[in-house]
Amino acid sequence: MAYRESFYRYLMTLRDADSNDEVAQFANNAQNDQTFPKQEQDYDKLSDYLELNAGYLSSMSIFDQAYQMYRDKMIY
């Protein structure tokens with residue numbers, strides 16, 4: 001399955017410092033994560049990374065929601 005841009009690049013379009021939306025907060029926090037796999041597109045690899053390294057992510061369901069939005073936007 002080929003996407004046109006990395007998940008990280010898509011996620012950065014969802015940042016909003018003034019929003020209480022969980023996906024926006026995830027994006028804001030991911031921007032400050034120096035080791036985030038910025039070129040990655042694969043769900044499993046991203047999920048593994050976040051489960052081990054993203055203390056700022058209160059629930060993996062937030063990642064699942066953001067990843068589904070990414071897939072919906074990237075695949076026609």
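Which residues does Leu11 touch, not counting residues up to four places away in sequence? In this predicted model, the partners of Leu11 are Phe26, Ala27, Ala30, Phe36 and Ala66. Leu11 itself lies in helix H1. Its relative accessibility is 0%, so Leu11 counts as buried. Leu11 also illustrates how distant parts of the chain are brought together. Met69 is 58 residues away from Leu11 along the chain, yet the two C-alpha atoms are separated by 9.4 Å.

Helices H2 and H4 were examined next. The axes of H2 and H4 come within 9 Å. They cross at roughly 90°. H2 and H4 are therefore roughly perpendicular to each other. On the H2 side, the contact involves Glu22, Val23 and Phe26. On the H4 side, Ile62, Phe63, Gln65, Ala66 and Met69 take part. By residue class, this contact comprises 6 nonpolar, 1 polar and 1 charged. Two of these residues, Phe26 of H2 and Ala66 of H4, also appear among the partners of Leu11.

The pairing of H3 with H4 has another geometry. Helix H3 spans residues 43–53, and helix H4 spans residues 60–74. Their axes come within 11 Å and cross at roughly 150°. The cut-off for roughly antiparallel is an angle over 145 degrees, so H3 is roughly antiparallel to H4. The crossing of H3 past H4 is right-handed. H3 contributes Tyr43, Leu46, Ser47, Leu50 and Glu51 to the contact. H4 contributes Met60, Phe63, Asp64 and Tyr67. The residues of this contact divide into 6 nonpolar, 1 polar and 2 charged. Phe63 of H4 is in contact with H3 and also meets H2.

H3 has a buried side and an exposed side. Leu46, Ser47, Tyr49 and Leu50 are its buried residues. They lie on the same side of H3, because they cover an arc of only 165° around the axis. An α-helix has 3.6 residues a turn, so residues three or four places apart point the same way. On the other side of H3, Lys45, Glu51 and Leu52 are exposed. The buried residues of H3 pack against three helices: H1 (7–12), H2 (22–31) and H4. Exposure does not exclude Glu51 from the helix pairing: Glu51 is exposed and is part of the contact with H4.

Ser47 is one residue of the buried side of H3. Its relative accessible area is 8%, under the 20% cut-off, so Ser47 is buried. Ser47 touches Met60 and Phe63, not counting residues up to four places away in sequence. Both partners belong to the H4 side of the contact between H3 and H4.

The loops were considered last. Asp33 sits in the loop between H2 and H3. Asp33 is a charged residue by class, and it is buried, with a relative accessible area of 9%. Not counting residues up to four places away in sequence, Asp33 touches Lys38, Tyr49 and Tyr56. Tyr49 is itself one of the buried residues of H3. Asp33 and Tyr10 are 23 residues apart in sequence, and their C-alpha atoms are 15 Å apart in space.

Gly55 belongs to the loop between H3 and H4. Is Gly55 buried or exposed? Its relative accessible area is 78%, so Gly55 is exposed. Gly55 and Asn32 are 23 residues apart in sequence. From C-alpha to C-alpha, Gly55 and Asn32 are 12 Å apart in space.

How values were computed: Residues are numbered from 1 along each chain as its sequence is written. This is a predicted model: local features need pLDDT of at least 70, side-chain atom pairs count only at pLDDT 80 or more; totals for chains, interfaces and linings use all residues. Side-chain values use heavy atoms; hydrogens and water are left out. Axes are lines fitted to C-alpha atoms, for helices over the stretch in contact, and angles run from 0 to 180 degrees between N-to-C directions. Helices (H or I, at least four residues) and strands (E, at least two) are DSSP runs, numbered from the N terminus. Angles under 35 degrees count as roughly parallel, over 145 as roughly antiparallel, 65 to 115 as roughly perpendicular and the rest as oblique. A crossing is left-handed if the near helix is turned anticlockwise from the far one by less than a right angle, and right-handed if clockwise. Contact means heavy atoms within 4.5 Å. Buried means under 20% relative accessible area, exposed over 50%, partly exposed in between (1.4 Å probe, protein chains only). The arc is that of the directions from the helix axis to the C-beta atoms.
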